[in-house]
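This report describes some backbone features of one model. Please look at the sequence and the structure first.

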Number of protein chains: 2
Amino acid sequence: KKYGHVIGHFMLLVFQDFELAAIYVSDAQYNRNIYFDTSPQAVRLYLLYHHWILKVLLYFFIVLNLSLAIFEEPAVLPLPTWATMLVELFCLLAFTLRMGHYAKVIPRDKFWKDPKNLCIIATLVLTLTDMVIYGALKAADCYGVRWSRVLRPLLLINVTEGRQLRRAFRSIRNALPQIFYVFLLFMFSILLFSLMALKLLGKRDLKTIYGKPYFTNYMDIVFDLYVLVTTANSPDVMMPAYNANVGFAIFFILYILINTYIFMSVFLAVVYNNYKKYLKEEVRQLVRAKRHKMVRAFAVLQEQREEGGQPVVTRNNWNQLIPLVQPNLCSARRQLIWSVCDDKNQGFLDKVAFIQLADLLNIEVIALKPRSHPFLNLFPNFYQSAPSRFVCKVVQHRGFVIAFDLIILVNTVFIGLDEKNPLISNSEWVFLTLYLLEILLKLYVFEPRAFFSRHNFWNCRQILDIVFILRVLRLVRVVDNIQRFRTIINTLIRIGPAIFTFGQLIVVVYYIFAMLGMEIFKNKVKFYDDSSDPDKQYCGNPLLKGTAFANLNYCKNNFNNVVSSFVLLVELTVVNQCSGFVTVTNVSARIFFVIFHITVVIIIINIFVAFVLEAFFLEYSDLQTSLEKKIEELNLAMEQERLDNSLVNAMETMDNNLGTEESPTPSRSSMVFKISSKRYRTVDALLQRIFEADLAPEDLPENDEAEAQNTGSFSNPTFGSGPA
Amino acid sequence: KKYGHVIGHFMLLVFQDFELAAIYVSDAQYNRNIYFDTSPQAVRLYLLYHHWILKVLLYFFIVLNLSLAIFEEPAVLPLPTWATMLVELFCLLAFTLRMGHYAKVIPRDKFWKDPKNLCIIATLVLTLTDMVIYGALKAADCYGVRWSRVLRPLLLINVTEGRQLRRAFRSIRNALPQIFYVFLLFMFSILLFSLMALKLLGKRDLKTIYGKPYFTNYMDIVFDLYVLVTTANSPDVMMPAYNANVGFAIFFILYILINTYIFMSVFLAVVYNNYKKYLKEEVRQLVRAKRHKMVRAFAVLQEQREEGGQPVVTRNNWNQLIPLVQPNLCSARRQLIWSVCDDKNQGFLDKVAFIQLADLLNIEVIALKPRSHPFLNLFPNFYQSAPSRFVCKVVQHRGFVIAFDLIILVNTVFIGLDEKNPLISNSEWVFLTLYLLEILLKLYVFEPRAFFSRHNFWNCRQILDIVFILRVLRLVRVVDNIQRFRTIINTLIRIGPAIFTFGQLIVVVYYIFAMLGMEIFKNKVKFYDDSSDPDKQYCGNPLLKGTAFANLNYCKNNFNNVVSSFVLLVELTVVNQCSGFVTVTNVSARIFFVIFHITVVIIIINIFVAFVLEAFFLEYSDLQTSLEKKIEELNLAMEQERLDNSLVNAMETMDNNLGTEESPTPSRSSMVFKISSKRYRTVDALLQRIFEADLAPEDLPENDEAEAQNTGSFSNPTFGSGPA
């Protein structure tokens, strides 16, 4: 009866079923949250939608669309208006096609309920309208503003792939109310201090070094004290009062203590607290959605082993599923993943074991086949002779690494010295020869494929060293060899992908402010290489005569094109040097700079700091995900068998890497595994790991069964929604 | 038999026993960790040692000793050398006497094992030696340096009462190794970027705006880039390269991203992580030491109720103990504390219940006797008439508070306006009359003693408002009335005492750097009110001609006396404007400023930020200590009985305060309690509360029994030791 049942079930599982299950698994693996039709046609369209070429094309058009600002008035490289508008039309067409494709994949009602689709459509319509109006105005020789350029970054946020970016914006949006209350208190404090400053200093007829009256206008004081919080005008704003009387320093010290130190810490605390709170909730939903998808894949593949027993996935179905999910997975790795899932060696997986698959596929494991060195096959006698074995021993020795670290250090000192000295410039050839020798020796000792396939960044870097001129970067390798610095460098590398998300966030915000800034300030401040011409003095604007802005030669910090705008915005992020722009326009221009400061410094930078802090606390607490723990355990059990494998041991010693993993097949195949990507993780995996301790108890897959049944809630609304 | 035992035991408990137990309890209450002899004479000396007059005197001499810097060369107010040295001798004498007193209190071997005593003795001896040498040199008209002035702040750290400060220094010392490794990486990154900058920009013959060669000397580049991390020279250092080619901006943006944003966050993360880790351990030891002391007090007072039963403390002994611990505790509060301890109403306390006493005494509870208003007794008919009751109703209404908040706001606007306008200056009298009216009305409605005794800051502030001129501070009251801001303001007030500790820390570090700075830089930069005299231009130093330091008129930022040194050090904390001092001395002066930046900005400010963050997370998570919870529970049980008390209810509604607590005596005495000091806590209580969640499981008093037996480990070595 049981056999027949299984046969009967097998008949039902056609190729489409495996394909569907594979899609669910890879959606879970990459945390994609799209609710698609399960008809074969929709599934094919869905697969096409996720094809990497289409994604690359999409991002190409997004970047193209954003970079049009370089060619549009005010331009870095001017192009005629018709040319940029033609390119923009192409971009709009590409976005429309992509949108149309998406509409075909997901059910119609879902499509229209998703705010991010509506946001893209609105952006497209508004941009088209603006282009028509602008074209008409240009044709009639009227002044027009391309206001829809501000909307361009919205496309970057709202495309399906911008999940990380949307999450960052949601974090910000959720933290806003709390930040707002602190900001009110902070502004209240500034207003109060300004009032005190006005009463204290306003009537003393003090002058600034530029001879202007000091602290007489309330709004000027408020702005000056706001800028003091950014430390941009730190001693300057205090000097006239301090010169008049030492006692006034107390006022400023109190102000700096309260507003710069305490309030800025409070902002960080509030942003951090809220960021963490909402992110935890989002990751919780992310994990839940991932498990739902795995439950769905399980439902497609499941079989009943016994009458009334738990449904399971057999090894057979598993073997058909995996090649569809990851075609390039070697059989040994498939074996490894299976034995991690099926840790009781039952020959089948229940639901809980199956659900781990998505996370397991994300752990990058590298198969090391301890092939024998080609020389050993070609010239066995020579390669095993005493001198050859001595060379192998030397190269595998820790001293070999240290020796070349020292050579790199000496080389760096030589780089720092005067290059005109022929001795020094010739020494570079000696160093190059030494590096080449190092590589050749390593290739002689280590099996070449093992040498290159180990995702070992430094081995490839080494080749590049010789080719490229980034010679000083060799030093980084030396630091990486020192164990003490590993924790720090690991964290820095780990937050890499997250920095990329923050980079996009910053680009979105900078782009909007650059577009606005260019409309407000363009050509008010000009930069000339040669300022001897009287027209070209004071950055070409007589209003700047005698100001610090012109005196310090800040003329190139302007909004005259998108590149210098971006550079200026970076400078404004570091310190708020905006007095020049207030001089050339009017006092209300300060609003632009204050809003920029609040958005970027108080909110985004603090979220960034919060993220770095969290990543570091994680690294110091050194949590392992439960799956990594499992692999580690399996590894320890195999430790004894591994000891005879000298090649791997040598590599281990040399690289201070994590434990290796022998394939647990009974035949003791000579395959060795190691977890490669402790360093190179996805942002999702990092986030999930940060909050895993809090997630575990409530999110057992058993709990999901009930929720998985009402598939309506499957496409998680929080993840479908873009920022309002 | 049982009766006889109790009687027999009573005979043994003489007054000295209660006195000893009381000392243990108050040591536990105030977290004092001194191991004293238990002989009656030593106990009396110990009590004297903790007398508040002696403590005030000690701090008076410490402050006097530190403030001698004002009168010593280079002086703010010059005094002859013999005068300052005489005062210093007096101070040294006072410290020696205090030390001698301490030596009498604790056993001799403990005294010589305690590093903080050795540190004080060494400081005293070195200071005396220095004074003799300096006096001899002065007498021989030689040049002498009073180098021992640097040691003066050590006294502040090492006196018995400097516990908080020592703990802060220990936190720093423990975090140092981790910080050091990050700092090495950070310096490595700066050195690497400097090398790249040298190769990239060194040979392009660029000039700074002062016409000096730009980025040609490696050490200059390193220093400039270090200062860039502090954002002090933010656009300036980049401008020459940026003016030459836009592409160089990428180098600087990358530099700022990595070193200013990422590395500074990493410093914060490392400092935060270590600070928290070590502080948790210290608080754990603190709590353990506190419980040990309570166990000792229990051991003195305990009786055996039954043969073989648990030893307990009877109500009788308790009643004799409490007046010795806190003489001014009213009987109702004593009753409250007893009923919180003896929550099962057994009439005696076991060890676990007794141990709570120390924490319970720290919770400030205010007794509110709902006395009837004196007018009600004097003119009952008038006070209960319809108009009078209407007035009461109006004043108790929430609108009354809001109306006066609005009046304060209007008043503030008037203050901001021009005071010369007679209408506005006269309006101040109207406002004063209104505030007086408010106070009179409140006194009419609320019972006067209740009105003033409630530790209600604002009621006293209100009286002061009229007397003092800090009129704008009235606005703070308005903000405090808004519930939304309470969390933030509560935290800010709560971290107040901790800020005081950080203040001391900063004073210690600033004092040392000021002393050093005055020796190195005194009179190199001078400030003149009138700089028309050519001798007095460029801060009186021709080396400063044409530098930004002289141009921006920073001359008063100098090390010419201790006050301006302190102001300058604050400025250096905010932004590192030190180029002027490097110009007037030599390049190695940079080391002074870099060390100052590392000490103050990277370490101390980050610990401060970490503390603010932790305090905020606590406020947001809103933990209650277990004892507060108990009081709250008792309170809820009494809620029903309380409802008829209209006066208290009115007060409650008006002030949004915590619940009240009726005395749980069966006679329903008309006493009302409330927890008053949610805001005003000691640093120890705050710290204990931050880590209470982690402490609870391992530190049950039961565990302490074994440890309490070996009394040798009672005087906790960690708490006895000062910084090395």
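In which loop does B:Asn31 lie? B:Asn31 is in the loop between α2 (15-29) and α3 (40-49) of chain B; helices (H or I, at least four residues) and strands (E, at least two) are DSSP runs numbered from the N terminus. The model is predicted, so local features need pLDDT of at least 70, side-chain atom pairs count only at pLDDT 80 or more, and totals for chains, interfaces and linings use all residues. Residues are numbered from 1 along each chain as its sequence is written, chains are lettered from A and ligands numbered from 1 in the order in which they are written, and side-chain values use heavy atoms, without hydrogens and water.

Most residues other than glycine have a negative phi, and most peptide bonds are trans. The table lists exceptions.

| Item | Value | Place |
|---|---|---|
| B:Asn31 | phi near 55° | loop between α2 and α3 of chain B |
| A:Asn553 | phi about 60° | loop between α27 and α28 of chain A |
| A:Glu73 to A:Pro74, cis | omega about -10° | A:Pro74 in the loop between α4 and α5 of chain A |
| B:Glu73 to B:Pro74, cis | omega near -10° | B:Pro74 in the loop between α4 and α5 of chain B |

B:Asn31 is buried at 4% relative accessibility, whereas A:Asn553 is partly exposed at 29%. Buried means under 20% relative accessible area, exposed over 50%, and partly exposed in between (1.4 Å probe, protein chains only).

Chain A also has an open antiparallel sheet of three strands in the order β1-β2-β3; strands pair if DSSP finds at least two bridges between them. β1 (303-304) and β3 (348-349) of chain A are at the edges with a single partner strand each, so one side of each has no neighbour in the sheet.
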